[in-house]
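The following exercises introduce a single protein chain to a reader who has not met it before. Please keep the sequence and the model in view while working through them.

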Amino acid sequence: MIHPTKLMRGALLALAILGAAPLAGPSIPLLGSATVQAQEQLVGAVLFDGNRRFSDSQLLAMVDVSASGIFTQQRLAADVESIRQAYDRDGFLAVSVTARTEATTDGRVRVLFTINEGNRAGIAAINFTGNNAFGGNSLKSAMLTKETGILSWLFKDDGYDEQKLAVDRERIRLYYANRGYPDVQVTSVGEYDAERNAYFINFTINEGQKYEFSNVGIETSIAGLNTDALKGTVQTGQGSTYSAGNLQETIEDMAYEAAVQGYSFADVRARLDRDVTTGTFNVTYLVDEGARLYVERINITGNTKTRDFVIRRELEFAEGDPFNRSLVLRGRKNIDALGFFSAVNVTTGPGSAPDKVVINIAVTETSTGEYGATAGYSTQDGVLGEVSLTERNFLGRGQYLRAAIGASQAGRTFDFSFTEPRFMGLKVSAGVDVYHRINEETTAGFYGSQATGGQFRVGIPLTADLSGTVFAGMERKIIADAKAPASLLVNDGDEFYKGFVGYSLTWNNLDDTKKPTEGLLATFTQQYIGWDHSLVRSEAKARYFVPVVEDSGIIASVRGQAGIINDLSGNGVHSVEAFMPGSQLIRGFEGRGLGPRIQNGEYLGAVAYAGVSAELQFPIPGVPESYGLSGAVWADAAWIDGVNVPRLDGINSVDPNSIDVPWRTSVGASLIWDSPFGPLRGDFAHVLNKSTSDRTQVFQLTMSTLF
């Protein structure tokens, strides 16, 4: 495409040369003008052949002959080199790029780049020297560059790139600096092996001395500031390992707490006193009145899709408010946490007066829409698949939209969900969920059903770690029981209507919601179910994570869950509303495989249950971290109430063999894979204790969840 500005610039240059020649006198020929006309031609088209790694549009952005619209041999040679360097940075060392031109009928020139990509060079090995404190696998996990593995063709993360290695050196330095080594020095060198068409990257690390925090104090010159409240923000407690990250977070949180108290101009600095002999730092946080600056203007650039207000509402200040650096940093984190941008850069500049500041927010948008089709296998549901459409930034307004159709051997699902994260401009989310679920009639389930329903929900953040949700909805369920054996609990065509209202509380202080290593996730949900029923359902779940050996990848977790249904009608809990505990409660048992049954073998369900699980997850020795594989060993125990059971309506009695042992226990091992389709886990279980008629299974394949 011809760039109009560049084209106009070239035309003006040619006219200037033609006009200047006569003024120079008759003795100067017009050779300069003739030369320009011979060397510069307009570009009619730019074509590419042989490119697989980069698309045509990506290559067009690299070449100047396309952007300028004017052809010269110098530009062509520079463009060939630009393409070659782009491939070189991506690990294609044997690439060759040639270019040829063809004249078009309208006097322009067509440029054709022919690319022979060759084979991409990978990373054969990443080695470390001098790393006494941390193992190589731990350091590799902090890097962007990965060793070549079986999934490298998918993730493309094993290319040799000097710029990426510079980032990796800094990431390793920060890894050490956040774990007690403030003086670490990191260097690297890459060696290319032509025979293997791969690089060997060698890091040399000078760790320096390890330090801890010693005495911690707070000093302030601001009269009226409550320093006791500031102590709660300190993350550098006496005896804890030195961490540059904890220092910075304490400074930011302390300045924010001062701003909350009304001191918007508070400035926090950390004074460190090093004691080499004891390997400690004394820390004094100095809280003083900073310069009285005000935010004059907030400029936002790069958001071609996302509306300005979506970004501005993540800032805890507006134009005209006092300028506080901690609030700016917190705002940048909030914007980054939206997940709408691949990069968020916040800078400040001088305003129109000495006491005014201009804040510039530059964002780089990333794709927020996901159009997916997934397939898998579950030992409970068999072959399953789902087609979904997800948009996390609907219409650029920050709204969440998802529509999905799923199918398995056990049934089909249709789901729609919409969430407005800032309902009526408040820090309150509101959303609606609608679903239609078809469960097929099976021998294990005796009957099928069709359930159609929906709910409206409102989410409220209560504290930094605690959030609450209130919800209300309704559902209609139709029973399908046309095949033998016939159910004794329901009849074909039975309809059940229910309306429900409830709330949920969630505590989440995990360090990473996808792959947590430390923290607690807990939920408590309670709802009243009426219409054809009258009962209160309560459930609590919690899981606590803790690293066993720091930076080893070995994570221990303890999980607990319990539920109870209280009947308010006096008729008992109907089976269609009972809990159906299975492998999600205790591994080694089939879905609907443990708990009360009636004499014909039909599953009755439970009105109360409790379970606890302990698990140790670890990296698999010798397997590269980039493969996403890990192992786990675990032990589960569960209790199912066999005394208080769902109502029988005089039809049958409970099979005593299904409730002769109230506690079930199992142990086992698992293989976990962070696949491109989500975390999958295969559990191998050995049941230690069970009721006589419980149904067990040695292996199950499921999607891994925190609960």
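Five exercises with worked solutions follow.

The model is predicted, so local features require pLDDT of at least 70 and side-chain atom pairs count only at pLDDT 80 or more, while totals for chains, interfaces and linings use all residues. Residues are numbered from 1 along each chain as its sequence is written, and side-chain values use heavy atoms, with hydrogens and water left out.

**Exercise 1. The chain as a whole**

Task: State how many helices and strands the chain has, and what percentage of its residues is buried.

Solution. Step one: helices (H or I, at least four residues) and strands (E, at least two) are DSSP runs, numbered from the N terminus. The chain has 12 helices and 29 strands. Step two: buried means under 20% relative accessible area, exposed over 50%, and partly exposed in between (1.4 Å probe, protein chains only). Of the 707 residues, 39% are buried. Step three: a contact is a pair of heavy atoms within 4.5 Å. Among contacts with a separation of 6 or more, 60% join residues 24 or more positions apart.

**Exercise 2. Helix α12**

Task: Compare the expected span of helix α12 with the distance between its end C-alpha atoms, and identify what its buried residues pack against.

Solution. Step one: the expected span of a helix is 1.5 Å times one less than its number of residues. For the 13 residues of α12 (residues 325-337), this gives 18 Å, and the end C-alpha atoms are 18 Å apart, which agrees. Step two: S326, L327, V328, G331 and I335 are buried in this helix. An α-helix has 3.6 residues a turn, so residues three or four places apart point the same way. Step three: the buried residues of α12 pack against α10 (244-260), α11 (308-312), β12 (341-350) and β13 (356-365). After the helix comes G339, with a positive phi near 80°.

**Exercise 3. Serine 658**

Task: Determine whether S658 is buried or exposed, and which residues it touches.

Solution. Step one: S658 sits in the loop between β26 (629-640) and β27 (663-675). Step two: its relative accessible area is 0%, so S658 is buried. Step three: leaving out residues up to four places away in sequence, S658 touches G595, P596, R597, R664, S691, S693 and D694. Step four: a polar atom of the S658 side chain lies 2.6 Å from the backbone oxygen of D655.

**Exercise 4. Two residues with positive phi**

Task: For N197 and M424, decide whether each is buried or exposed.

Solution. Step one: N197 is not a glycine, yet its phi is positive, about 50°. N197 belongs to the loop between β6 and β7 (198-206), and its relative accessible area of 19% makes it buried. Step two: M424, also not a glycine, has a positive phi of about 55°. M424 occurs in the loop between β17 (411-420) and β18 (429-439), and at 70% relative accessible area it is exposed.

**Exercise 5. Glutamate 191**

Task: Locate E191 and list its contacts beyond four places in sequence.

Solution. Step one: E191 is part of strand β6 (residues 185-193). Step two: its relative accessibility is 46%, so E191 counts as partly exposed. Step three: with neighbours within four places set aside, E191 contacts A198, Y199, F200 and N202. Step four: I201 is 10 residues from E191 in sequence, and their C-alpha atoms are 6.4 Å apart.

Note on methods
A polar contact is a pair of N or O atoms within 3.5 Å; within protein, one must be able to donate a hydrogen and the other to accept it, and residues adjacent in sequence count only if both atoms are side-chain atoms.
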